[in-house]
Amino acid sequence: MDDASGLFEGAGLRREPVDIPEPKRQDKSLPKLIGVHKRRLERMEWECLQARSTWRELRESVAQVKQDWRDAQQHARDFWADARADFFRMEISSGKFRTAKGAYERKKLEAEQIHIQAREAAQRARQAGHGYFLLKQLVRAGHLRSEKLGMLQKILHEKNNPPE
């Protein structure tokens, strides 16, 4: 070996380095993008679940308020029917009948107030439902984008690392 190394030095010849291709630096931007997209998608899924639970709670409250409204209407009708029956059986005087009629009118107004509350609650539930379904669409679109990004990553990996 000493002879060979001396041979090259004396003649002024230098060894040429062997051409070894430098390994390409992997582009980290796509995996980072996929990671960010995955976290955003998880956040959207969580928000979608929250929106669904809120929507369900609002629907339950609408059902309860509507039942309260029906009960108030029925109570007012029953009260009025009892007062009329008592009056026609001549068990109460006309003054008590007028008082009962005033109470009936107040009960009808209370039932109308409950009805207004029920309509407002229904509107809130409808808006929450629209929000939930919009979020659900966004989550589906996000899953499609994730699938596309995964396929793109796979294609790029196969292109950069061909099978030997």
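The largest pocket of this predicted model is lined by Gln-26, Asp-27, Lys-28, Ser-29, Leu-30, Pro-31, Gln-153, Leu-156, His-157, Asn-160 and Asn-161. If you find these residues in the structure, you will see where the pocket lies. The space in it comes to about 240 Å³. Which helices help to line the largest pocket? Helix H2, which runs over 29–88, and helix H3, which runs over 94–160, each bring at least two residues to the lining. H3 has the largest share, with four residues. Sorted by character, the lining holds three nonpolar, six polar and two charged residues.

**The nonpolar core**

Let us move on to the largest nonpolar core. Its nine residues are Leu-41, Met-44, Cys-48, Ala-51, Trp-55, Ala-128, Tyr-132, Leu-135 and Val-139. Here too both helices take part, as H2 and H3 each supply at least two residues of this core. H2 gives the most, with five residues.

One core member, Trp-55, has a charged neighbour: Arg-59 lies over the face of its ring, at 4.3 Å from the ring centre. A second charge of this kind belongs to Lys-107, whose charged end sits over the ring of Phe-79. The table puts the two side by side.

| Charged residue | Ring | Distance to ring centre |
|---|---|---|
| Arg-59 | Trp-55 | 4.3 Å |
| Lys-107 | Phe-79 | 5.0 Å |

**Aromatic rings**

How many aromatic pairs does the structure hold? There are seven aromatic pairs. In one of them, the ring centres of Trp-80 and Phe-97 are 5.3 Å apart and the planes meet at 35°, so this pair counts as tilted. The tilted label fits because planes under 30 degrees apart would be stacked and planes over 60 edge-to-face. This pair links distant parts of the chain, for Trp-80 is in helix H2 and Phe-97 is in helix H3, 17 residues apart. Are Trp-80 and Phe-97 buried or exposed? Both are buried. Both also belong to one aromatic cluster, which is made up of Trp-80, Phe-87, Phe-88, Phe-97 and Tyr-104.

**Three residues to look up**

Now try three single residues, each with its own place and accessibility. Met-90 is found in the loop between H2 and H3. Its relative accessible area is 73%, so Met-90 is exposed. The backbone of Met-90 is worth a look as well: its phi is near 65°, a positive value in a residue other than glycine.

Arg-52 has its place in helix H2. Why does Arg-52 count as partly exposed? Its relative accessibility is 29%, and partly exposed covers the values between under 20% for buried and over 50% for exposed. To see how far a helix reaches, compare Arg-52 with Val-36: they are 16 residues apart in sequence, and their C-alpha atoms are 24 Å apart in space.

Ala-118 lies in helix H3. With 5% relative accessibility, Ala-118 counts as buried, because the limit for buried is under 20%. Along the chain, Ala-118 is 10 residues from Ala-128, and their C-alpha atoms are separated by 15 Å. Ala-128 is also one of the residues of the largest nonpolar core, which brings us back to the core described above.

Technical notes: Residues are numbered from 1 along each chain as its sequence is written. This is a predicted model: local features need pLDDT of at least 70, side-chain atom pairs count only at pLDDT 80 or more; totals for chains, interfaces and linings use all residues. Side-chain values use heavy atoms; hydrogens and water are left out. On a 1 Å grid over the protein atoms alone, a cavity is a set of points where a 1.4 Å probe fits but cannot get out, and a pocket is an open set with protein on both sides within 12 Å along at least five of seven lines; lining residues have an atom within 4 Å of a point. Grid points are joined across faces, edges and corners, and a volume is the space filled by probe spheres set on the points. Ala, Val, Leu, Ile, Met, Phe, Trp, Tyr, Cys and Pro count as nonpolar, Asp, Glu, Lys and Arg as charged, and the others, Gly among them, as polar. Buried means under 20% relative accessible area, exposed over 50%, partly exposed in between (1.4 Å probe, protein chains only). Rings of Phe, Tyr and Trp (its six-membered ring) pair if their centres lie within 6.5 Å; planes under 30 degrees apart count as stacked, over 60 as edge-to-face and the rest as tilted. A charge sits over a ring if NZ of Lys or CZ of Arg is within 6 Å of the ring centre and within 35 degrees of the ring normal. A nonpolar core is a set of buried Ala, Val, Leu, Ile, Met, Phe, Trp, Tyr and Cys residues joined through side-chain atoms within 4.5 Å.
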